[in-house]
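Q: I should like to learn how to read the main features of a structural model, one at a time. Where does one begin?

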Amino acid sequence: MVSYDEMFAHVERHVDALKTNKTGDERQTDAEVFDRQTLMLIYDFMTGGLIDTIHYPVSTGKEGNVFYATDEDGEPIALKIFRTSTSTFKRVSKYIEGDPRFKGLTGNRRKIIYAWTNKEYRNLQRYYEAELPVPEPIAFRKNCLLMEYIGDEDGPAPLLKDVELNDPTDMYDEIVSFIIDGFKDAHLVHGDLSEYNILVWDGEPIVIDCGQAMTADHFNAKEYLLRDINNINRFFKNRGADIIDPQKILEEAYSKDDDNDDEEEEEE
């Protein structure tokens, strides 16, 4: 039986983010992210062979932090750790409560955060299986999510908001396709799509932060779908792209594919 002190010593040797000199604010953030239970989860990932070293944070979000890590073969992976604080719970609980996949879920703050982690993993799975551009999900446990790292050894892929676009209309069309195909093929609405949660890598958009994504049968799905469209239209209009009317995008998302219609006719 490994003692907590032995476990912490093992984790500390493999988490560079715990070793650097920090200001008071950074130490407080670390305490929120690397609490005792989370360190135990990281230890399990390490002894299970999924993680070898956690190197440094690559982003800090409202719900949690993402870290650049490597596996036993030295391959890059991303570790997202959701904070279990009260403020995080208040932000995410409304999305859990409205998701039919988690109907009837009740419990304390940690249970809701764990459900949120589960939700992001499952949303990434649905998008990825539909061959849509999101990081490949690898594993999750409680408030920790492992997924594909988008970037290289020099740093993560830049956010859309920070990229100079050679052809804004082409990038816009790619993201509109994600919205439509995400609804039709993955049966999801991202719900918070903007230039702040789209990475650009090798000239292609990669959508991240999918925790709040809801199923297409959610009672607010159409409202959030339209919000995603309007957010993307606003950003790309300012970049000079040729914008599509939001209602036309909505109609395309809700329309049936011709192939499916043909199949139904043949069955009849």
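A: One may begin with the nonpolar core, which is a set of buried Ala, Val, Leu, Ile, Met, Phe, Trp, Tyr and Cys residues joined through side-chain atoms within 4.5 Å. In soluble globular proteins, nonpolar side chains tend to be buried together. Please bear in mind that the model shown here is predicted.

Q: Which residues of the largest nonpolar core touch the most other members?

A: The largest nonpolar core holds 51 residues, and those touching the most other members are Tyr127, Leu160, Ile175, Leu193, Leu225, Ile232 and Phe236. The most is given to this core by helix H6 (residues 168-184), which supplies eight residues. A second, separate core has 21 residues, among them Leu41, Met46, Ile51 and Ile81.

Q: With which residues is Tyr127 in contact, leaving aside its neighbours within four places in sequence?

A: With those neighbours left aside, the contacts of Tyr127 are Leu132, Val134, Phe178, Gly182, Ala186, Leu188, Val189, His190, Cys210 and Ala213.

Q: How should one read a cavity, and which residues line the largest cavity here?

A: One considers its volume, its lining and the elements that supply that lining. By the rule applied, there is one cavity of 30 Å³ or more. The largest cavity contains about 40 Å³ of space. Its lining consists of Tyr127, Phe178, Ile179, Gly182, Leu188, Val189, His190, Leu225 and Asp228. At least two lining residues come from each of H6, strand E8 (188-189) and helix H7 (221-238), and H6 gives the most, with three residues. By class, the lining of this cavity has six nonpolar residues, two polar and one charged.

Q: Where is Gln212 placed, and is Gln212 buried or exposed?

A: Gln212 is found in the loop between strand E10 (204-207) and strand E11 (214-215). Gln212 counts as buried because its relative accessibility is 7%, the cut-off for burial being under 20%. Not counting residues up to four places away in sequence, Gln212 touches Tyr95, Trp116, Lys119, His190, Gly191 and Asp192.

Q: How should one read salt bridges, and how many are counted?

A: Side chains of opposite charge can pair when their charged atoms come close. In this model the count comes to seven salt bridges. One of the salt bridges joins Asp35 and Arg110, whose closest N and O atoms are 3.1 Å apart. Asp35 lies in the loop between helix H2 (24-33) and helix H3 (36-47), while Arg110 lies in helix H5 (residues 109-129), so this pair ties together parts that are 75 residues apart in sequence. Asp35 is buried, with a relative accessible area of 15%.

Q: Which parts of the chain does the pair of Arg141 and Asp44 tie together?

A: Arg141 forms a salt bridge with Asp44, and the closest N and O atoms are 2.6 Å apart. Because Arg141 lies in strand E4 (residues 137-141) and Asp44 in helix H3, the pair ties together parts that are 97 residues apart in sequence. Arg141 counts as partly exposed at 38% relative accessibility, and Asp44 is partly exposed with a relative accessible area of 32%.

Q: Are Lys80 and Glu120 buried or exposed?

A: Lys80 and Glu120 are both buried. These two residues form a salt bridge in which the closest N and O atoms are 3.1 Å apart. The pair links distant parts of the chain, with Lys80 in strand E3 (residues 76-82) and Glu120 in helix H5, 40 residues apart. Through salt bridges that share partners, Lys80, Glu120 and Asp209 are joined into one network.

Q: Turning to pockets, which residues lie nearest the centre of the largest pocket?

A: Of the 36 residues lining the largest pocket, Ser59, Lys80, Asn197, Ile208 and Asp209 lie nearest its centre. About 780 Å³ of space lies in this pocket. Two or more lining residues are given by each of strand E1 (53-60), strand E2 (64-70), E3, helix H4 (86-97), H5 and strand E5 (144-148). H4 gives the most to the lining, with four residues. The lining of the pocket divides into 19 nonpolar, seven polar and ten charged residues.

Q: How far apart are Thr38 and Cys144, in sequence and in space?

A: Thr38 and Cys144 are 106 residues apart in sequence, and their C-alpha atoms are 7.5 Å apart in space. Thr38 is placed in helix H3 and counts as buried, at 0% relative accessibility. Leaving aside neighbours within four places in sequence, the contacts of Thr38 are Val33, Ile81, Asn143 and Cys144.

Technical notes
Residues are numbered from 1 along each chain as its sequence is written. This is a predicted model: local features need pLDDT of at least 70, side-chain atom pairs count only at pLDDT 80 or more; totals for chains, interfaces and linings use all residues. Side-chain values use heavy atoms; hydrogens and water are left out. Buried means under 20% relative accessible area, exposed over 50%, partly exposed in between (1.4 Å probe, protein chains only). Contact means heavy atoms within 4.5 Å. A salt bridge is a side-chain nitrogen of Lys or Arg within 4 Å of a carboxyl oxygen of Asp or Glu. On a 1 Å grid over the protein atoms alone, a cavity is a set of points where a 1.4 Å probe fits but cannot get out, and a pocket is an open set with protein on both sides within 12 Å along at least five of seven lines; lining residues have an atom within 4 Å of a point. Grid points are joined across faces, edges and corners, and a volume is the space filled by probe spheres set on the points. Ala, Val, Leu, Ile, Met, Phe, Trp, Tyr, Cys and Pro count as nonpolar, Asp, Glu, Lys and Arg as charged, and the others, Gly among them, as polar.
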